[in-house]
Amino acid sequence: MLFRSSWSAVKTAYAGSLWSGADVGGTLLAGGMRGHWVRSTDDGRSWTLHRAADAGSITAVVPLAGGQALMVGVDGTVLRGPAGGDTLDFRRLDDRATLTGAVPLPGGRLALATSAGPRVIPL
């Protein structure tokens, strides 16, 4: 695991807040408000802006196997797809719980941290 000894601010293609991010197989992803997310394939030197229509604000970005990314957020938002793709598949949990974290589990399941407590759903 690489740890940086210094940090510097970079401009992304999004002017709003970014709340979470992850390295997914060399692709950097960061999620923000109202379904906006940015992607960098050059170690953060440049960023492209994307938006998942109807998605809530993204609170967690999780790398999955095979270069797939998972993003979760408020209003029951669950986004999944290739980290290098321009779109992610969107679904919303029926109860629209605020999702603040996710961990992939064996057997195709996903552990979620929610405003109402932890839960496990199929991935």
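I take buried to mean under 20% relative accessible area and exposed to mean over 50%, with partly exposed in between. I note too that this is a predicted model.

**Entry 1: Asp75 and Arg92**

I started with Asp75, whose relative accessible area of 25% lies between those two cut-offs, so I put it down as partly exposed. Next I looked for its charged partner. Which residue forms a salt bridge with Asp75? I found Arg92, with the closest N and O atoms 3.3 Å apart. This pair links distant parts of the chain, since Asp75 sits in the loop between strand S6 (68–73) and S7, while Arg92 belongs to strand S8, 17 residues away. Arg92 also comes out as partly exposed, at 25% relative accessibility. Following the charges further, I saw that Asp75, Arg92 and Arg96 are linked in a network of salt bridges.

**Entry 2: the other salt bridges**

I wanted the total for the structure, and the answer is four salt bridges. A reminder to myself: side chains of opposite charge can pair when their charged atoms come close.

I then turned to Asp86, which forms a salt bridge with Arg39; their closest N and O atoms are 3.0 Å apart. Asp86 lies in the loop between S7 and S8 and Arg39 in strand S3 (residues 36–40), so this pair ties together parts that are 47 residues apart in sequence. Are the two partners buried or exposed? Asp86 has 52% relative accessibility and so counts as exposed, whereas Arg39, with a relative accessible area of 10%, is buried.

I also looked up Arg119, and found it in a salt bridge with Asp95, where the closest N and O atoms are 2.5 Å apart. Here too distant parts of the chain are linked: Arg119 is in strand S11 and Asp95 in the loop between S8 and strand S9 (99–105), 24 residues apart. Both ends are partly exposed, with a relative accessible area of 25% for Arg119 and 46% for Asp95.

**Entry 3: two hairpins**

With S7 and S8 turning up in these pairs, I went to the strands themselves. S7 (residues 77–82) and S8 (residues 89–92) pair in the antiparallel sense, over four bridges. Which residue in S8 is the bridge partner of Leu79? I read off Phe90. The two strands form a hairpin, and six residues lie between them.

I did the same for S10 (residues 109–114) and S11 (residues 119–122), which run antiparallel and are joined by four bridges. Leu110 stands opposite Ile121 in S11. This hairpin has four residues between its strands, and in it I noticed that Gly117 takes a positive phi near 110°.

**Entry 4: Ser57**

My last stop was Ser57. Where is it found? I located it in the loop between strand S4 (48–51) and strand S5 (58–63). At 11% relative accessibility Ser57 falls under the 20% cut-off, so I count it as buried. A polar atom of its side chain lies 3.0 Å from the backbone nitrogen of Arg34. I then listed what Ser57 touches, leaving aside residues up to four places away in sequence: Trp19, the run Gly32, Met33, Arg34 and Gly35, and also Val72, Gly73 and Val74. Arg34 thus shows up for me twice, once through its backbone nitrogen and once among the residues that Ser57 touches.

Methods:
Residues are numbered from 1 along each chain as its sequence is written. This is a predicted model: local features need pLDDT of at least 70, side-chain atom pairs count only at pLDDT 80 or more; totals for chains, interfaces and linings use all residues. Side-chain values use heavy atoms; hydrogens and water are left out. Two strands pair if DSSP finds at least two bridges between them. Buried means under 20% relative accessible area, exposed over 50%, partly exposed in between (1.4 Å probe, protein chains only). A polar contact is a pair of N or O atoms within 3.5 Å; within protein, one must be able to donate a hydrogen and the other to accept it, and residues adjacent in sequence count only if both atoms are side-chain atoms. Contact means heavy atoms within 4.5 Å. A salt bridge is a side-chain nitrogen of Lys or Arg within 4 Å of a carboxyl oxygen of Asp or Glu.
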